[in-house]
Amino acid sequence: MGQIGGGDDVGSQESEVPALPNDASAIADACEANNGVLHVGLTRLRRLTRDQLNNAVRDLLGAEGRPADALAPDERMGPFHSNAIAPITELLVLQAAELAARVASEAEERMDLIAPCSLADDDGTACATELVERLGQRAYRRPLEADEMQGLVALYERGRRSGGASRGFRLVIEGLLQSPSFLYHADVGGSGVPSATPEPMDGYGLASRLSFFLWNSIPDTELVDLAEDSSLLERDVLESQVDRMLQDPRAGATIALFHEQWLGLSELPKAQKDQELFPAYGEEMANAMLNESARFTDHVVRQGDGSSRRSTPGTRSRSPTCSGGSTP
(Lines give C-alpha, C1' and ligand atoms only; values in the text may rest on other atoms or scores of the structure.)
Protein backbone atom coordinates (compact mmCIF):
# COMPACT_ATOMS: atom_id res chain seq x y z
CA MET A 1 0.00 0.00 0.00
CA GLY A 2 1.06 3.62 -0.27
CA GLN A 3 2.96 5.28 2.51
CA ILE A 4 0.74 6.51 5.31
CA GLY A 5 3.60 7.71 7.49
CA GLY A 6 3.79 11.33 8.50
CA GLY A 7 3.63 13.71 11.37
CA ASP A 8 6.54 16.01 10.51
CA ASP A 9 5.96 19.73 10.16
CA VAL A 10 5.20 20.72 6.59
CA GLY A 11 8.13 22.91 5.69
CA SER A 12 11.12 22.99 7.96
CA GLN A 13 12.02 26.63 7.23
CA GLU A 14 12.37 28.97 10.17
CA SER A 15 9.51 31.45 10.03
CA GLU A 16 9.75 34.91 11.53
CA VAL A 17 6.10 35.03 12.51
CA PRO A 18 5.01 36.68 15.76
CA ALA A 19 3.03 34.65 18.25
CA LEU A 20 -0.73 34.66 17.70
CA PRO A 21 -2.37 37.02 20.23
CA ASN A 22 -4.82 35.53 22.70
CA ASP A 23 -6.87 38.61 23.58
CA ALA A 24 -9.96 39.13 21.39
CA SER A 25 -9.30 42.84 20.86
CA ALA A 26 -5.66 42.11 19.99
CA ILE A 27 -6.78 39.56 17.41
CA ALA A 28 -9.14 42.14 15.90
CA ASP A 29 -6.32 44.71 15.77
CA ALA A 30 -3.99 42.17 14.13
CA CYS A 31 -6.65 41.33 11.55
CA GLU A 32 -7.08 44.99 10.67
CA ALA A 33 -3.35 45.63 10.52
CA ASN A 34 -2.91 42.72 8.08
CA ASN A 35 -5.85 43.57 5.83
CA GLY A 36 -8.02 40.79 7.26
CA VAL A 37 -5.43 38.02 6.89
CA LEU A 38 -3.86 36.64 10.07
CA HIS A 39 -0.76 34.44 9.77
CA VAL A 40 -1.34 31.46 12.06
CA GLY A 41 1.90 29.70 11.17
CA LEU A 42 2.60 26.19 9.93
CA THR A 43 0.40 23.29 10.95
CA ARG A 44 1.20 19.59 11.04
CA LEU A 45 0.01 17.03 8.53
CA ARG A 46 -2.72 15.20 10.45
CA ARG A 47 -4.22 11.77 9.94
CA LEU A 48 -7.95 11.38 10.15
CA THR A 49 -9.18 10.34 13.57
CA ARG A 50 -11.18 7.17 14.12
CA ASP A 51 -14.40 9.20 14.30
CA GLN A 52 -13.55 10.91 11.02
CA LEU A 53 -12.72 7.61 9.33
CA ASN A 54 -15.97 6.06 10.52
CA ASN A 55 -17.91 9.03 9.18
CA ALA A 56 -15.96 9.08 5.91
CA VAL A 57 -16.55 5.43 4.99
CA ARG A 58 -20.21 5.85 5.97
CA ASP A 59 -20.69 8.86 3.71
CA LEU A 60 -18.55 7.51 0.87
CA LEU A 61 -19.70 3.89 0.78
CA GLY A 62 -22.66 3.55 3.13
CA ALA A 63 -20.59 1.52 5.61
CA GLU A 64 -22.40 0.80 8.87
CA GLY A 65 -21.11 0.62 12.41
CA ARG A 66 -17.74 1.92 13.55
CA PRO A 67 -15.12 -0.14 11.68
CA ALA A 68 -12.31 2.33 12.38
CA ASP A 69 -12.58 1.67 16.11
CA ALA A 70 -10.39 -1.38 15.41
CA LEU A 71 -7.45 0.98 14.81
CA ALA A 72 -5.07 1.98 17.58
CA PRO A 73 -6.51 4.79 19.74
CA ASP A 74 -6.08 8.35 18.51
CA GLU A 75 -3.48 10.54 20.13
CA ARG A 76 -4.70 13.59 22.02
CA MET A 77 -3.86 17.26 21.83
CA GLY A 78 -5.15 18.39 25.22
CA PRO A 79 -8.65 16.92 25.48
CA PHE A 80 -9.11 16.57 21.70
CA HIS A 81 -8.30 13.69 19.36
CA SER A 82 -5.82 14.76 16.67
CA ASN A 83 -3.28 12.49 15.00
CA ALA A 84 -0.41 14.87 14.30
CA ILE A 85 2.63 13.80 16.30
CA ALA A 86 2.90 10.07 17.01
CA PRO A 87 4.91 8.15 14.36
CA ILE A 88 3.32 5.53 12.15
CA THR A 89 4.00 2.01 13.34
CA GLU A 90 3.94 -1.24 11.40
CA LEU A 91 0.92 -2.26 13.47
CA LEU A 92 -1.03 0.82 12.40
CA VAL A 93 -0.17 0.17 8.74
CA LEU A 94 -1.48 -3.39 9.06
CA GLN A 95 -4.61 -2.16 10.85
CA ALA A 96 -5.26 0.37 8.08
CA ALA A 97 -4.92 -2.37 5.46
CA GLU A 98 -7.29 -4.65 7.37
CA LEU A 99 -9.79 -1.81 7.76
CA ALA A 100 -9.70 -1.10 4.01
CA ALA A 101 -10.14 -4.79 3.17
CA ARG A 102 -13.05 -5.21 5.58
CA VAL A 103 -14.92 -2.12 4.40
CA ALA A 104 -14.28 -2.96 0.73
CA SER A 105 -15.55 -6.51 1.20
CA GLU A 106 -18.78 -5.23 2.74
CA ALA A 107 -19.14 -2.56 0.05
CA GLU A 108 -18.82 -5.23 -2.65
CA GLU A 109 -22.37 -6.33 -1.84
CA ARG A 110 -23.58 -2.80 -2.71
CA MET A 111 -21.48 -2.41 -5.86
CA ASP A 112 -24.45 -1.68 -8.11
CA LEU A 113 -25.63 1.07 -5.74
CA ILE A 114 -22.21 2.67 -5.32
CA ALA A 115 -20.94 2.52 -8.90
CA PRO A 116 -22.30 5.21 -11.26
CA CYS A 117 -22.71 2.63 -14.04
CA SER A 118 -22.87 -1.13 -14.50
CA LEU A 119 -19.42 -2.58 -14.00
CA ALA A 120 -20.67 -6.10 -14.67
CA ASP A 121 -21.97 -5.13 -18.14
CA ASP A 122 -18.84 -3.27 -19.20
CA ASP A 123 -16.18 -5.38 -20.90
CA GLY A 124 -13.75 -2.46 -21.04
CA THR A 125 -12.67 0.17 -18.55
CA ALA A 126 -15.06 3.04 -19.30
CA CYS A 127 -17.27 2.33 -16.29
CA ALA A 128 -14.32 1.63 -14.03
CA THR A 129 -12.75 4.93 -15.06
CA GLU A 130 -15.96 6.78 -14.20
CA LEU A 131 -16.13 4.98 -10.84
CA VAL A 132 -12.53 5.89 -9.99
CA GLU A 133 -13.00 9.50 -11.06
CA ARG A 134 -16.19 10.11 -9.08
CA LEU A 135 -15.43 8.08 -5.97
CA GLY A 136 -11.82 9.19 -5.91
CA GLN A 137 -12.75 12.85 -6.07
CA ARG A 138 -14.81 12.51 -2.91
CA ALA A 139 -12.36 10.22 -1.12
CA TYR A 140 -9.33 12.43 -1.85
CA ARG A 141 -11.33 15.68 -1.61
CA ARG A 142 -9.83 16.80 -4.93
CA PRO A 143 -9.62 15.61 -8.56
CA LEU A 144 -7.30 12.67 -9.11
CA GLU A 145 -4.01 13.09 -10.98
CA ALA A 146 -3.56 11.18 -14.24
CA ASP A 147 -1.18 8.64 -12.70
CA GLU A 148 -3.56 8.07 -9.79
CA MET A 149 -6.39 7.40 -12.23
CA GLN A 150 -4.26 5.00 -14.26
CA GLY A 151 -3.07 3.12 -11.20
CA LEU A 152 -6.56 2.56 -9.80
CA VAL A 153 -8.02 1.57 -13.17
CA ALA A 154 -5.15 -0.89 -13.61
CA LEU A 155 -5.94 -2.26 -10.16
CA TYR A 156 -9.55 -2.77 -11.26
CA GLU A 157 -8.45 -4.60 -14.41
CA ARG A 158 -6.21 -6.91 -12.39
CA GLY A 159 -9.08 -7.77 -10.07
CA ARG A 160 -11.56 -8.28 -12.90
CA ARG A 161 -9.24 -10.72 -14.67
CA SER A 162 -8.92 -12.86 -11.56
CA GLY A 163 -12.39 -12.58 -10.05
CA GLY A 164 -14.76 -10.55 -12.18
CA ALA A 165 -16.05 -6.98 -11.87
CA SER A 166 -16.89 -7.30 -8.18
CA ARG A 167 -13.30 -8.21 -7.30
CA GLY A 168 -12.01 -5.33 -9.39
CA PHE A 169 -14.42 -3.02 -7.57
CA ARG A 170 -13.22 -4.28 -4.20
CA LEU A 171 -9.56 -3.69 -5.07
CA VAL A 172 -10.32 -0.11 -6.14
CA ILE A 173 -12.03 0.55 -2.79
CA GLU A 174 -9.08 -0.96 -0.90
CA GLY A 175 -6.67 1.20 -2.87
CA LEU A 176 -8.65 4.38 -2.22
CA LEU A 177 -8.99 3.74 1.51
CA GLN A 178 -5.25 3.09 1.95
CA SER A 179 -4.10 6.17 0.06
CA PRO A 180 -2.42 9.00 2.02
CA SER A 181 -4.79 11.35 0.18
CA PHE A 182 -7.69 9.66 1.96
CA LEU A 183 -6.04 9.05 5.33
CA TYR A 184 -4.61 12.54 5.80
CA HIS A 185 -5.89 16.11 5.83
CA ALA A 186 -3.89 17.25 2.83
CA ASP A 187 -5.69 20.39 1.65
CA VAL A 188 -2.72 22.60 0.80
CA GLY A 189 -4.26 25.45 -1.18
CA GLY A 190 -4.42 26.36 -4.82
CA SER A 191 -0.79 25.53 -5.61
CA GLY A 192 -1.28 21.89 -4.64
CA VAL A 193 1.98 21.80 -2.67
CA PRO A 194 2.80 22.68 0.94
CA SER A 195 3.89 26.28 1.52
CA ALA A 196 5.78 27.91 4.37
CA THR A 197 3.60 31.01 3.99
CA PRO A 198 -0.20 31.31 3.92
CA GLU A 199 -1.97 31.12 0.59
CA PRO A 200 -5.66 31.22 -0.33
CA MET A 201 -7.61 27.98 -0.28
CA ASP A 202 -8.97 26.67 -3.56
CA GLY A 203 -12.53 25.36 -3.74
CA TYR A 204 -11.60 21.78 -2.87
CA GLY A 205 -9.50 22.74 0.13
CA LEU A 206 -12.26 24.98 1.44
CA ALA A 207 -14.88 22.26 0.92
CA SER A 208 -12.75 19.77 2.84
CA ARG A 209 -12.05 22.08 5.75
CA LEU A 210 -15.67 23.18 5.93
CA SER A 211 -16.95 19.61 5.84
CA PHE A 212 -14.61 18.28 8.50
CA PHE A 213 -15.29 21.34 10.68
CA LEU A 214 -19.09 21.02 10.58
CA TRP A 215 -19.64 17.32 9.82
CA ASN A 216 -16.34 15.69 10.85
CA SER A 217 -16.49 13.91 7.51
CA ILE A 218 -15.76 14.25 3.79
CA PRO A 219 -17.66 16.73 1.58
CA ASP A 220 -20.89 15.60 -0.02
CA THR A 221 -21.55 15.81 -3.77
CA GLU A 222 -23.08 19.29 -3.53
CA LEU A 223 -19.95 20.70 -1.90
CA VAL A 224 -17.74 18.91 -4.42
CA ASP A 225 -19.72 20.37 -7.33
CA LEU A 226 -19.41 23.89 -5.88
CA ALA A 227 -15.69 23.33 -5.31
CA GLU A 228 -15.21 22.16 -8.89
CA ASP A 229 -16.42 25.44 -10.42
CA SER A 230 -14.94 27.54 -7.55
CA SER A 231 -18.34 29.05 -6.72
CA LEU A 232 -17.86 27.90 -3.11
CA LEU A 233 -15.28 30.69 -2.79
CA GLU A 234 -18.04 33.28 -3.23
CA ARG A 235 -19.16 34.65 0.12
CA ASP A 236 -22.92 34.30 -0.46
CA VAL A 237 -22.53 30.71 -1.68
CA LEU A 238 -20.29 29.85 1.27
CA GLU A 239 -22.76 31.31 3.77
CA SER A 240 -25.61 29.41 2.12
CA GLN A 241 -23.67 26.16 2.38
CA VAL A 242 -22.87 26.75 6.05
CA ASP A 243 -26.59 27.28 6.74
CA ARG A 244 -27.43 24.10 4.82
CA MET A 245 -24.81 22.04 6.58
CA LEU A 246 -25.83 23.24 10.03
CA GLN A 247 -29.32 21.89 9.40
CA ASP A 248 -27.92 18.41 8.76
CA PRO A 249 -27.92 15.91 11.67
CA ARG A 250 -24.20 15.39 11.10
CA ALA A 251 -23.59 18.91 12.39
CA GLY A 252 -25.41 18.03 15.61
CA ALA A 253 -23.24 14.94 16.04
CA THR A 254 -20.07 16.98 15.49
CA ILE A 255 -21.13 19.58 18.05
CA ALA A 256 -21.87 16.83 20.57
CA LEU A 257 -18.50 15.13 19.98
CA PHE A 258 -16.61 18.41 20.41
CA HIS A 259 -18.20 19.05 23.79
CA GLU A 260 -17.83 15.41 24.84
CA GLN A 261 -14.07 15.62 24.28
CA TRP A 262 -13.70 19.17 25.62
CA LEU A 263 -15.56 18.38 28.85
CA GLY A 264 -14.01 14.92 29.26
CA LEU A 265 -17.34 13.11 29.17
CA SER A 266 -16.32 10.14 27.03
CA GLU A 267 -15.31 8.08 30.08
CA LEU A 268 -18.57 8.76 31.88
CA PRO A 269 -20.16 5.33 31.14
CA LYS A 270 -17.08 3.64 32.68
CA ALA A 271 -17.13 5.72 35.87
CA GLN A 272 -17.50 3.76 39.10
CA LYS A 273 -19.86 5.11 41.76
CA ASP A 274 -20.57 3.96 45.30
CA GLN A 275 -23.83 2.06 44.88
CA GLU A 276 -24.92 2.88 48.42
CA LEU A 277 -24.59 6.61 47.79
CA PHE A 278 -25.69 6.52 44.13
CA PRO A 279 -27.97 3.48 43.77
CA ALA A 280 -29.56 4.75 40.55
CA TYR A 281 -26.26 5.31 38.77
CA GLY A 282 -25.29 2.85 36.06
CA GLU A 283 -24.51 2.59 32.36
CA GLU A 284 -28.07 3.53 31.41
CA MET A 285 -27.98 6.73 33.46
CA ALA A 286 -24.48 7.59 32.22
CA ASN A 287 -25.63 7.27 28.60
CA ALA A 288 -28.68 9.39 29.43
CA MET A 289 -26.38 12.06 30.86
CA LEU A 290 -24.28 12.01 27.70
CA ASN A 291 -27.41 12.30 25.57
CA GLU A 292 -28.63 15.21 27.68
CA SER A 293 -25.32 17.04 27.22
CA ALA A 294 -25.39 16.39 23.47
CA ARG A 295 -28.94 17.68 23.09
CA PHE A 296 -28.24 20.75 25.23
CA THR A 297 -25.10 21.81 23.34
CA ASP A 298 -26.79 21.12 20.00
CA HIS A 299 -29.74 23.29 21.02
CA VAL A 300 -27.46 26.15 22.13
CA VAL A 301 -25.35 26.13 18.96
CA ARG A 302 -27.90 25.36 16.26
CA GLN A 303 -31.09 26.82 17.73
CA GLY A 304 -29.95 29.30 20.36
CA ASP A 305 -27.54 32.21 20.21
CA GLY A 306 -24.43 30.07 19.84
CA SER A 307 -23.14 30.99 23.30
CA SER A 308 -23.53 29.35 26.70
CA ARG A 309 -23.32 32.78 28.31
CA ARG A 310 -26.47 34.72 29.16
CA SER A 311 -27.39 36.99 26.25
CA THR A 312 -30.33 38.84 24.76
CA PRO A 313 -32.86 36.45 23.13
CA GLY A 314 -32.63 36.38 19.37
CA THR A 315 -29.05 37.66 19.20
CA ARG A 316 -25.95 35.69 18.32
CA SER A 317 -22.58 36.38 19.87
CA ARG A 318 -19.73 37.02 17.47
CA SER A 319 -15.99 36.94 17.96
CA PRO A 320 -13.31 38.58 15.81
CA THR A 321 -12.35 36.43 12.82
CA CYS A 322 -9.82 36.65 10.05
CA SER A 323 -9.93 35.22 6.57
CA GLY A 324 -6.98 33.74 4.78
CA GLY A 325 -5.26 30.45 4.25
CA SER A 326 -2.98 28.25 6.24
CA THR A 327 -1.26 25.10 5.17
CA PRO A 328 -1.22 21.64 6.71
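**Aromatic pairs, charges over rings and a helix crossing**

In this predicted model, ring pairs join F80, F258 and W262 into a cluster.

Me: Why is the aromatic pair of F80 and F258 called stacked?

Reply: The planes of F80 and F258 stand at 20°, with 5.2 Å centre to centre. Rings pair if their centres lie within 6.5 Å, and planes under 30 degrees apart count as stacked, so both conditions are met. The structure holds two aromatic pairs.

Me: What makes the pair of F80 and F258 a tie between parts apart in sequence?

Reply: F80 belongs to strand β2 (residues 80-81) and F258 to helix α11 (residues 249-262), so the pair ties together parts that are 178 residues apart in sequence.

Me: Why does F80 count as partly exposed?

Reply: F80 has 26% relative accessibility. Buried means under 20% and exposed over 50%, so this value falls in between. F258, at 40% relative accessibility, also counts as partly exposed.

Me: How do you know that the charged end of K273 sits over the ring of F278?

Reply: The charged end of K273 is 5.5 Å from the centre of the F278 ring. The distance limit is within 6 Å, so this value satisfies it. R250 lies over the face of W215, at 3.7 Å from the ring centre.

Me: Why are helices α2 and α5 called roughly antiparallel?

Reply: Helix α2 (residues 50-61) and helix α5 (residues 126-140) pack at an angle of about 155°. Angles over 145 count as roughly antiparallel, so the term applies. D59, L60 and L61 of α2 make the contact with L135, R138 and A139 of α5.

Note on methods. Residues are numbered from 1 along each chain as its sequence is written. This is a predicted model: local features need pLDDT of at least 70, side-chain atom pairs count only at pLDDT 80 or more; totals for chains, interfaces and linings use all residues. Side-chain values use heavy atoms; hydrogens and water are left out. Rings of Phe, Tyr and Trp (its six-membered ring) pair if their centres lie within 6.5 Å; planes under 30 degrees apart count as stacked, over 60 as edge-to-face and the rest as tilted. Helices (H or I, at least four residues) and strands (E, at least two) are DSSP runs, numbered from the N terminus. Buried means under 20% relative accessible area, exposed over 50%, partly exposed in between (1.4 Å probe, protein chains only). A charge sits over a ring if NZ of Lys or CZ of Arg is within 6 Å of the ring centre and within 35 degrees of the ring normal. Axes are lines fitted to C-alpha atoms, for helices over the stretch in contact, and angles run from 0 to 180 degrees between N-to-C directions. Contact means heavy atoms within 4.5 Å.
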